[in-house]
Amino acid sequence: MSVSPPPPEPQTGLSRPPAFQSPFWGGFECSTQRRPSGRRIDVIDATAHDRFAQQDYDRLAASGLRTARDGLRWHLIERLPGEYDFASALNQVQAAHAAGVQVVWDLLHYGFPDFVDPFSPDFPATFARYAAAAAQFLRGHTDGTLWLCPVNEISFTAWGGGDVGYLNPFAQGRGLTLKAQLVRAAIAGMDAAREVDPGVRFLHAEPLINVQPHPERPDEAAEAALGHESQFEALDMLLGRLRPELGGAERYVDVVGVNYYPYNQWWHHPEPPLRQAVPHGHAAHRPLRDLLAEVHARYGRPLVIAETGAEGRTAPRGSNKWCARWGPRRPWACRSRGSACTRWSTIPAGTTTATVTTGCGITPTRWAGAPSTRRWPEHWPAPRRSSRTPERAGLRLSLPTPLH
């Protein structure tokens, strides 16, 4: 991950360009969403980052990565409405502080407590109270500026949870409604955090995509253009440039983060499952620098590549034949494209990033207990109760890679 030079005249609340401690960042995946099966993903637990946080952050610092992204797990912090317990995050924040690593903390990374309904009118207020409590907790363990990412990938969360029912809250055809709710919540959360710490600053991480019409269907150019422009809706809402009734304003965006993967460029298709990725090296593939320039020209903010990596069929030749276990922490029973793996690799903690993703060529498997039977929203799919249900998560193994 890399930070671009700041614009000559920042238009945010920053009095000077952001002082990140290193141009390349580390990162720890912190997804916590539920699947349609009812099982919750908790990648911090799956990678044991919470238990081995000190080793992870020490290795980051030793590698020269003095800035990183990490996250809080809301569903563990607020198990009951209005009651906050940050014990689940204590090791992470103390380890980062001890190692001297600056962290941008995600407050909501796809998942939320089971009692929370993001379509409810009180959702922004619920998130704001959590954000204030989180800011209070983090402020006590942070030297210098406190950096937060209120809601990771509002756009993808709205699509996955509001349009196609891929993740919680499992709605379909309500993506724009969910996107607006997430924007309202992010704004309310930022206001609440600023009441605790007026100097807090915010990064918003959104997918960076490129959508273009397929050369055999040039009549779809208008639809492709709309798909391309959709990536900017959440930021435009936060800035008050789109749907100003949501409360957005220029002060709510300090740094723009973009999440970019090899499959983030595709040819438009009326049926999303049938769209084709534009492979790197193809004449239609736009250079990353052009996509970054487009974002910078639109917003005039400092830019951070907040996530990147290679996985599945887009990974280097042979890499999807490997399964992995995270250092000495725990064994993983792995499968690759439906076949059991026969080769193993041990990846040092602090040099990889774990990500839940569909379509990944590597599928580690661990056995876990049954999901909690505590409050289950009626509109969610019924959970599977078997205590031997395998918990599968795609593990992205991403070492630092030069950007071209």
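**Figure 1. Helix 5 in the predicted model, residues 123-139**. Helix 5 contains 17 residues, and the distance from its first C-alpha to its last is 24 Å. This span is close to the 24 Å expected at 1.5 Å a residue. Of the 17 residues, 12 are buried, so helix 5 is largely enclosed by the rest of the structure.

**Figure 2. The buried residues of helix 5 and the elements against which they pack**. Which residues of helix 5 are buried? They are Phe123, Pro124, Thr126, Phe127, Ala128, Tyr130, Ala131, Ala133, Ala134, Ala135, Phe137 and Leu138. In general, an α-helix has 3.6 residues a turn, so residues three or four places apart point the same way. The buried residues of helix 5 pack against three helices and two strands, namely helix 3 (74-77), helix 4 (87-99), helix 7, strand 3 (102-108) and strand 4 (147-151).

**Figure 3. The crossing of helix 6 and helix 7**. Two packed helices are described by the angle between their axes and the distance between the axes. The axes of helix 6 (residues 154-163) and helix 7 come within 8 Å, and they cross at roughly 135°. That angle makes helix 6 oblique to helix 7, because it falls outside the ranges counted as roughly parallel, roughly perpendicular or roughly antiparallel, the last of which begins over 145 degrees. The crossing of the two helices is right-handed.

**Figure 4. Residues in contact between helix 6 and helix 7**. On the side of helix 6, the residues taking part are Ile154, Ser155, Thr157, Ala158, Gly161, Gly162 and Asp163. They meet Gly175, Leu178, Lys179, Leu182 and Val183 in helix 7.

**Figure 5. Val200 in the loop between helix 7 (175-196) and strand 5 (201-207)**. Is Val200 buried or exposed? Val200 has 0% relative accessibility and therefore counts as buried, since the cut-off for a buried residue is under 20%. When residues up to four places away in sequence are not counted, Val200 touches Leu146, Leu148, Ala193 and Arg194. Met190 lies 10 residues from Val200 along the chain, and the C-alpha atoms of these two residues are separated by 8.6 Å.

**Figure 6. The chain as the setting for the close-up views**. The secondary structure comprises 10 helices and 16 strands. The chain has 404 residues, of which 55% are buried. Among contacts with a separation of 6 or more, 73% join residues 24 or more positions apart. The chain exposes about 17700 Å², and carbon and sulfur atoms supply 54% of this area.

Methods: Residues numbered from 1 in each chain as written. Predicted model: local features only at pLDDT ≥ 70, side-chain atom pairs only at ≥ 80, totals over all residues. Heavy atoms only, no water. Helix = DSSP H or I, 4+ residues; strand = E, 2+ residues; numbered from the N terminus. Buried < 20%, exposed > 50% of the residue type's maximum accessible area, 1.4 Å probe, protein only. Contact = heavy atoms within 4.5 Å. Areas by Shrake-Rupley, 256 points an atom, 1.4 Å probe, with all protein chains shown as cover. Expected span 1.5 Å × (residues − 1). Axes fitted to C-alpha atoms, helices over the stretch in contact; angles between N-to-C directions. Parallel < 35°, antiparallel > 145°, perpendicular 65-115°, else oblique. Left-handed = near helix turned anticlockwise from the far one by under 90°.
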